[in-house]
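Thank you for letting me take a few minutes today. I would like to walk you through one buried charge and then a few aromatic rings, so please keep the picture in view while I talk.

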Amino acid sequence: MKKYAIGVDLGGTKILAGLVNTETGEVLASVKKKTQNQGSENIMEKIIEVVEKTVIEAQIAFSEISSIGIGAAGQVDRVKKVLISAPNLNCFNLDIGQALENQFKVPVFLGNDVEVATIGEIIFGNGIGFKNIVCIFVGTGVGSGIVCDGKIYGGRTGTAGEIGHIIVDSGGRPCGCGENGCLEAYASRTAIEKKITGAIKKGHSSVISEFISDNGSTIKSKHIKRALEFNDEVVFNAITEAAEYLSSGIASVINFYNPELIILGGGLIEAVDFFYDITIKKAHAKALAIPSAGVKITRTGLKDFSGIIGAAFLEKYYARAIA
Ligand SMILES: [Zn+2]
């Protein structure tokens, strides 16, 4: 098998592509573009564009590339290579496999974004050497990948790991899934943003208003980090609340699954030490003593690249799984 592959991380807010050496996990080049609720046609055009740009930037001939792997934020049909439903991207029944194979004439592999990032972490990241792992990613939502005996565990319908929809407050805040009180309605970056903007609208002052008015954009991880450096009360309260709920969710996972390792990822986890530190401290304290003592909690080893490296490795991962 050729040693280079392209990995694409198709998330709710951005698309990131990378040309990866699948023997070493090294990323030779990467290209990023924003995505926002754009619909199937636009998304497909953007995927093709980032793949082309990545290949040019890496200065590798396309004939050297073995496959293209994609991790998409939504429900996928891994066999037909169809993105069934990605509400954040406004994409439904998008035949990514067919479109990319026609365009680039190489095999295409598709997985869910969290599952693919988890593969990245177990092959080249902080999951190396562990067999029973849960990788939890905090982003637009909260998702997790489960590793059981060294392999991704998908469950009966391939949807296992939906930690974001663990109910942490019965009858609580509405969640995008239609239920109430789900973890991601409290601990996702979307929920944290809502909490901050809600407090500002109610008249609480926060330095974050100044940071975001600079460029008129949404609240980013770096804004939250900076606001905490200013001891901003609004942001401090929002992060503390999110950590409280996230740690409850993680404690439940520790009690239920008794994993040896939990890997936490996502922009906010990577950028904001305070959020990460109190989350793991509280998770350890809330979980039962024996499983809590037996679990290591860490951040991702590959940071932003878990998804593209895992996606590029999909062809080899599936080949291994079948062998
Ligand atoms: Zn939900």
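Let me start with Asp232, in what I should say at once is a predicted model. Asp232 is buried and yet takes part in no salt bridge, and the nearest side chain of opposite charge, that of Arg226, is 11 Å away. Since a salt bridge needs a nitrogen and an oxygen within 4 Å, Arg226, at 11 Å, is not a partner here.

Where does Asp232 sit along the chain? Its place is in the loop between helix 7, residues 221–229, and helix 8, residues 233–257.

What, then, does the side chain of Asp232 make a polar contact with? One partner is the side chain of Ser206, at 3.0 Å, and the side chain of Asp232 also reaches the backbone nitrogen of Val235 at 3.0 Å. If we leave out residues up to four places away in sequence, Asp232 touches Ser205, Ser206, Val207, Ile208 and Ala227.

Now to the rings. A pair of aromatic rings is described by how far apart the centres are and by the angle between the planes. In this model the count comes to 7 aromatic pairs. One of them is formed by Phe62 and Phe104, which are stacked, with 5.2 Å from centre to centre and 0° between the planes. Phe62 lies in the loop between helix 1 (40–58) and strand 4 (65–72), while Phe104 belongs to helix 2 (residues 96–104), so this pair ties together parts that are 42 residues apart in sequence. Phe62 counts as partly exposed, at 25% relative accessibility, whereas Phe104 is buried, with a relative accessible area of 9%.

Another pair, Phe211 with Phe230, is tilted, the centres being 5.9 Å apart and the planes at 55°. Because Phe211 lies in helix 6 (residues 208–215) and Phe230 in the loop between helix 7 and helix 8, this pair ties together parts that are 19 residues apart in sequence. Is Phe211 buried or exposed? Phe211 is buried, with a relative accessible area of 5%, but Phe230, at 51%, counts as exposed.

Arg226, which we met as the nearest opposite charge to Asp232, lies over the face of Phe211, at 4.1 Å from the ring centre. Elsewhere, the charged end of Arg299 sits over the ring of Tyr276, 4.2 Å from its centre. Finally, Phe109, Tyr317 and Tyr318 form one aromatic cluster.

Definitions and conventions. Residues are numbered from 1 along each chain as its sequence is written. This is a predicted model: local features need pLDDT of at least 70, side-chain atom pairs count only at pLDDT 80 or more; totals for chains, interfaces and linings use all residues. Side-chain values use heavy atoms; hydrogens and water are left out. Helices (H or I, at least four residues) and strands (E, at least two) are DSSP runs, numbered from the N terminus. Buried means under 20% relative accessible area, exposed over 50%, partly exposed in between (1.4 Å probe, protein chains only). Lys and Arg count as positive and Asp and Glu as negative; His and the chain ends are not counted. A polar contact is a pair of N or O atoms within 3.5 Å; within protein, one must be able to donate a hydrogen and the other to accept it, and residues adjacent in sequence count only if both atoms are side-chain atoms. Contact means heavy atoms within 4.5 Å. Rings of Phe, Tyr and Trp (its six-membered ring) pair if their centres lie within 6.5 Å; planes under 30 degrees apart count as stacked, over 60 as edge-to-face and the rest as tilted. A charge sits over a ring if NZ of Lys or CZ of Arg is within 6 Å of the ring centre and within 35 degrees of the ring normal.
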